[in-house]
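Please work through the following exercises with the structure open beside you, trying each task before you read its solution.

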Amino acid sequence: MEQNLSAQTLPNSLSNHQDDVVAAADDDDPPSLSLQALEALKEFLAEQSQALPDAAAETRAADSAAPALISEDWRLSQFWYDPHTAETLAQEVLTLCNSLPDSAARVACVACPSLYAYLKNNDSDVPVQLLEYDKRFEQFGSDFTFYDYNRPEDLPLELKHAFDIVVADPPYLSRECLEKVAQTVSFLARSEKSYLLLLTGAVQKERAAELMGLHPCGFRPQHSSKLGNEFRLFTNYDPAMRLEGWDVEK
């Protein structure tokens, strides 16, 4: 998952992905926008400044079941899951919650605020903690914890080994980033039996298996902004008939 266009550490996203970039020689280096993408970005920002209030109302009317979401910010490389993906993920997490003997199973959403919103829209009582860099999400109150993947364990001690389900969407497609996010996931997970879900680029398949023991599912996550990078969902458990099962190579 690619993040921002600056060399600074910037907020990760609702799903921080940028498909129209010119890849750097090292995948840890910040990518740069192509001229075409720069023009598209300028056009987007101009449209944002002139957007009419009832445009959002029309969108909500088209999908009244979807939760109200904070708008994407291209300057932060923010891209939403599409409604089908967000709803599918939310239903999977709720199914896992219901399968646990503890009715108060806790969920951690690492850098995936759109999933948090859909979970709360489906069940306002589900205990969910959002770990996120973008402080606009402080509006979620005590459900929000500031998170910078560069400091993977710089988190409140009450979050350590406190979650039965951890969902993570790392901000970069680099080994270094995935290693640090894996460290965060290990910090958060209650035990080795905790359910882990990772959303990231297909290029991370071998790394996800090596670092976290995860396998790809047949279900292919999508974004409202059609991104060019192939995106995958990885889990540490066999979802059986859900999520189209594990994508086992013959």
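**Exercise 1.** Find which elements the buried residues of helix H5 pack against, and name those residues.

Solution. In this predicted model, begin with the residues of H5 whose relative accessible area is under 20%, the cut-off for buried. They are Cys177, Leu178, Val181, Ala182, Thr184, Val185, Phe187 and Leu188. Next, follow their contacts outwards: these buried residues pack against strands E3, E4, E6 and E7 and also against helix H6. The placement of the helix fits into this picture, since H5 (residues 175–188) lies across E3, E4, E6 and E7 and runs at about 160° to E6.

**Exercise 2.** Check whether the length of H5 agrees or disagrees with the span expected at 1.5 Å a residue.

Solution. Take the 14 residues of H5, which at 1.5 Å a residue should span 20 Å. Then compare this with the end C-alpha atoms of H5, which are 20 Å apart, so the two values agree.

**Exercise 3.** Describe how H5 and H6 meet, giving the angle at which their axes cross and the kinds of residue in the contact.

Solution. Start with the axes, which come within 10 Å and cross at roughly 35°, H5 passing H6 in a right-handed crossing. Then list the partners: Arg175, Leu178, Glu179, Ala182 and Val185 of H5 meet Arg207, Ala208, Glu210, Leu211 and Met212 of H6. Sorted by kind, the residues of this contact comprise 6 nonpolar and 4 charged, with no polar ones. Leu178, Ala182 and Val185 appear both in this contact and among the buried residues of H5. Helix H6 (residues 205–212) itself lies across E7, E8 and E9, running at about 155° to E7.

**Exercise 4.** Work out the order of the strands in the sheet and explain why E5 and E8 each have one side without a neighbour.

Solution. Reading across the open sheet of 7 strands gives the order E5-E4-E3-E6-E7-E9-E8, with mixed pairing. Strands E5 (144–146) and E8 (215–216) stand at the edges and each has a single partner strand, so one side of each is left without a neighbour in the sheet. Within the sheet, E7 (residues 195–201) and E9 (residues 231–235) run antiparallel and are joined by 5 bridges, and Thr200 has Arg232 in E9 as its bridge partner.

**Exercise 5.** Decide whether His161 and Glu244 are buried, partly exposed or exposed.

Solution. His161, in the loop between E5 and E6, has a relative accessibility of 40% and therefore counts as partly exposed. Glu244, in the segment after E9, is exposed, with a relative accessible area of 57%.

Technical notes. Residues are numbered from 1 along each chain as its sequence is written. This is a predicted model: local features need pLDDT of at least 70, side-chain atom pairs count only at pLDDT 80 or more; totals for chains, interfaces and linings use all residues. Side-chain values use heavy atoms; hydrogens and water are left out. Two strands pair if DSSP finds at least two bridges between them. Helices (H or I, at least four residues) and strands (E, at least two) are DSSP runs, numbered from the N terminus. Contact means heavy atoms within 4.5 Å. Axes are lines fitted to C-alpha atoms, for helices over the stretch in contact, and angles run from 0 to 180 degrees between N-to-C directions. The expected span of a helix is 1.5 Å times one less than its number of residues. Buried means under 20% relative accessible area, exposed over 50%, partly exposed in between (1.4 Å probe, protein chains only). A crossing is left-handed if the near helix is turned anticlockwise from the far one by less than a right angle, and right-handed if clockwise. Ala, Val, Leu, Ile, Met, Phe, Trp, Tyr, Cys and Pro count as nonpolar, Asp, Glu, Lys and Arg as charged, and the others, Gly among them, as polar.
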